[in-house]
Amino acid sequence: MAEQNQNKNGKQKPVQDMNQILKVRRDKLKELQDAGKDPFKITTYDQTHHSQEIKDHFEELDGKDVSIAGRIMSKRVMGKASFCHIQDKLGQIQCYVQRDSLGDEPYKEFKHLDIGDIVGIKGYVFRTQTGEISVHAKEVILLSKSLQPLPEKFHGLQDTDTRYRQRYVDLIMNEDVKKTFIKRSQIIREIRNFLGERDFMEVETPMLVDNAGGASARPFVTYYNALGEYKKLRISLELYLKRLIVGGLERVYEIGRVFRNEGLDQKHNPEFTLMELYQAYTDYNGMMELTESMFRYLAEKVCGSTSIYYGNKEDGTGKIIDLGKPFRRLTMEDAIKEQTGIDFETINTDEEAKALAKEHNIEFEDRHKRGDIINLFFDEYCEDKMIQPTFIMDHPLEISPLTKKKPSDPRKVERFELYINGWEMCNAYSELNDPIDQRERFAAQDALSAQGDEEAQHTDEDFLHAMEIGMPPTGGIGYGIDRLCMLLTNSASIRDVLLFPTLKSLSKDNTQVHEDKKDETAGSDNNGFFTPNDKIDFSNVKIEPLFEEQVDFDTFSKSDFRAVKVKACEAVPKSKKLLKFVLDDGTGTDRVILSGIHAYYEPEELVGKTLIAITNLPPRKMMGIDSCGMLLSAVNNKKDSDDEELHLLMVDNHIPAGAKLY
């Protein structure tokens with residue numbers, strides 16, 4: 001982020017020391033303050049026009065006075081006349097600054113301004129000899145002094161971690177980023193417009209709750225000092241909105257933040273924006289009509305067409321998604337049958353379903369029932385195939401504790417999820433309004449919680465009381481706003497549509513270490529990448545005997561061990577163990593490897609690391625994804641325990657991708 005200048009011959013001058021750059025800027029500020037020209041004492045500025053407004057209305061503004069304000073993004077000083085570019089919220093415009101127009105002293109002050117300074121400029125509109133619409137400055141006022149240099153213009157701000165942590169700089173330097181967030185604001189505004197036309201009422205409900213229900217997720221817990229009670233941050237909006245349906249409001253919605261204590265990856269952030277709505281006297285068919293109409297409306301308003309492009313246009317890996325055609329409707333069991341030939345209508349018991357899962361190498365837990373296995377099969381074989389808009393309907397009862405049963409088949413519920421681009425975009429029900437049935441399903445969720453399911457819901461007595469008052473037949477739906485924004489802005493990661501995404505703190509002062517980890521980290525000056533041996537307690541480590549079975553050298557030498565760099569990492573949906581790594585193995589083609597390491601690492605902390613992998617293993621399908629190789633981990637068993645600890649083998653980042661181990 002050092003400042004660079006060019007001399008008169010166009011050659012680049014040496015880069016100044018950063019400390020010197022910072023000192024020069026502060027010295028300039030002090031000179032202004034000593035002269036009674038402190039810019040930070042200015043409170044207002046009369047801004048009459050923005051850059052793009054001047055360009056759009058040049059014919060009527062040509063020769064007329066305007067007043068603009070913004071940040072200096074470039075400055076070219078040429079003796080008695082200079083040019084600069086001013087950036088405001090709508091873009092940039094060139095300004096022509098002439099000594100004869102400003103006066104000697106003001107022109108001298110202009111020459112001392114820095115890139116990044118915020119100025120107000122008054123002058124008249126004109127077109128230069130090269131045809132560029134510009135403002136001929138009559139007055140330049142420094143409104144705010146920039147004490148930190150911006151990234152140099154040619155390379156800009158490209159490092160993704162810095163971009164997310166310093167979004168304010170990202171917005172200044174990257175025009176496309178600003179456009180993404182302008183479009184996000186438009187999406188939310190148009191959702192409100194669409195629902196307003198349908199007579200929905202926007203409401204607000206509590207974020208701190210006693211019972212975090214309405215979804216299967218682990219909540220965050222906080223302590224409320226004034227009440228002397230623990231509270232949870234909401235994981236959905238559902239249960240309070242349904243209370244309002246009971247109260248007779250009939251059509252309600254809320255757009256608000258929800259919080260789920262889970263991992264971070266390209267499609268998940270622990271706090272995210274959810275829109276939920278509930279409409280009395282309709283069912284999930286009514287919600288399908290509303291959803292299809294809303295997505296089509298948003299595409300037209302925000303993108304200008306019902307056909308949108310998602311992916312990389314340059315390398316042709318993207319696809320056109322058509323939101324104009326009627327959305328396909330398919331039951332979950334029919335989707336599985338279409339992809340695998342398996343007909344779950346013929347599978348009637350939990351034991352049969354589990355046997356089928358074992359046969360197809362699908363991971364499941366002992367507590368899972370037939371309906372859970374059906375859902376796992378869908379995740380494995382179908383989800384990523386749903387590129388064009390598809391309603392997946394009639395989910396198993398076991399995974400839908402708040403949904404009304406299908407009258408024709410009580411093993412299923414009237415629920416759908418909309419899939420686009422292989423992503424789940426929304427979740428909708430014919431809402432359960434039978435309080436007796438609801439109590440039984442809450443009891444089943446309580447039982448799952450007792451078995452160790454941290455994402456299970458719990459009985460909510462006040463919600464049950466509301467249902468006993470009487471809730472009309474109701475349709476409800478929830479949309480993840482962030483994922484919708486990813487689709488409509490062609491963004492690859494959820495962090496690209498969140499102004500300030502959740503990131504691991506860089507400061508130790510902001511990280512509270514769990515009691516059982518304090519001794520391990522006490523006095524350490526590193527981030528855990530390389531831990532000094534004297535900081536590790538080896539006394540309770542059981543070392544397995546080596547060389548019990550010898551491997552001949554020829555067999556060993558056939559394994560191709562390579563250094564690989566982690567380009568991207570995300571949690572595999574519906575799997576608590578697996579992480580999906582996108583790796584640079586030096587070949588120029590991305591390599592995908594899945595590893596059951598999620599219990600020990602979060603995806604975000606592995607991006608950028610250099611790992612060791614065996615790269616010549618045959619592909620192995622895991623959760624419907626081909627895993628092309630194996631990442632190496634160090635595994636140990638603690639004494640008096642059968643639990644294993646896994647530690648990914650990480651090497652120094654100066655080792656290039658593709659380097660072979662001998």
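**Exercise 1. Is Asp62 buried, partly exposed or exposed, and what is its relative accessible area?**

*Solution.* Keep in mind as you work that this is a predicted model.
- Step 1: Find the residue. Asp62 sits in the loop that runs between α3 (58-61) and β1 (65-78).
- Step 2: Take its relative accessible area, which is 43%.
- Step 3: Compare with the cut-offs: buried means under 20%, and exposed means over 50%. Asp62 is therefore partly exposed.

**Exercise 2. Which residues does Asp62 touch, leaving out those up to four places away in sequence?**

*Solution.*
- Step 1: Look for contacts beyond the sequence neighbours. Asp62 touches Val125 and Phe126.
- Step 2: Check the backbone. Asp62 and Val125 are 63 residues apart along the chain, yet 5.1 Å separates their C-alpha atoms.

**Exercise 3. Describe how helices α12 and α13 pack.**

*Solution.*
- Step 1: Start with the axes. Those of α12 (residues 350-359) and α13 (residues 370-381) come within 8 Å, crossing at roughly 25°.
- Step 2: Classify the angle. Angles under 35 degrees count as roughly parallel, so α12 is roughly parallel to α13.
- Step 3: Give the handedness, which is left-handed for this crossing.
- Step 4: Name the partners. From α12 come Asp350, Ala353, Lys354, Leu356 and Ala357, while α13 offers Arg370, Ile373 and Phe377.
- Step 5: Sort them by class: five nonpolar, no polar and three charged residues.

**Exercise 4. Now do the analysis for helices α8 and α16.**

*Solution.*
- Step 1: The axes of α8 (residues 175-197) and α16 (residues 481-489) come within 10 Å and cross at roughly 120°.
- Step 2: Angles from 65 to 115 count as roughly perpendicular, and those over 145 as roughly antiparallel. The two helices, α8 and α16, are therefore oblique to each other.
- Step 3: The crossing of α8 and α16 is right-handed.
- Step 4: On the α8 side, the contact includes Ile187, Ile188 and Ile191; among the α16 residues are Ile481, Leu484 and Leu488.
- Step 5: By class, the contact of α8 with α16 has seven nonpolar, two polar and three charged residues.

**Exercise 5. How many residues has the largest nonpolar core, and which helix gives the most to this core?**

*Solution.*
- Step 1: The largest nonpolar core has 44 residues. Helix α10 (residues 284-303) gives the most, with nine residues.
- Step 2: Look for residues with the most contacts inside the core; Ile191 and Leu277 are among them.
- Step 3: Zoom in on Leu277. Its contacts include Leu195, Met287, Leu290 and Tyr479.
- Step 4: Look elsewhere. Apart from the largest core lies another, of 23 residues, including Leu61, Val66, Leu113 and Val125.

Conventions. Residues are numbered from 1 along each chain as its sequence is written. This is a predicted model: local features need pLDDT of at least 70, side-chain atom pairs count only at pLDDT 80 or more; totals for chains, interfaces and linings use all residues. Side-chain values use heavy atoms; hydrogens and water are left out. Helices (H or I, at least four residues) and strands (E, at least two) are DSSP runs, numbered from the N terminus. Buried means under 20% relative accessible area, exposed over 50%, partly exposed in between (1.4 Å probe, protein chains only). Contact means heavy atoms within 4.5 Å. Axes are lines fitted to C-alpha atoms, for helices over the stretch in contact, and angles run from 0 to 180 degrees between N-to-C directions. A crossing is left-handed if the near helix is turned anticlockwise from the far one by less than a right angle, and right-handed if clockwise. Ala, Val, Leu, Ile, Met, Phe, Trp, Tyr, Cys and Pro count as nonpolar, Asp, Glu, Lys and Arg as charged, and the others, Gly among them, as polar. A nonpolar core is a set of buried Ala, Val, Leu, Ile, Met, Phe, Trp, Tyr and Cys residues joined through side-chain atoms within 4.5 Å.
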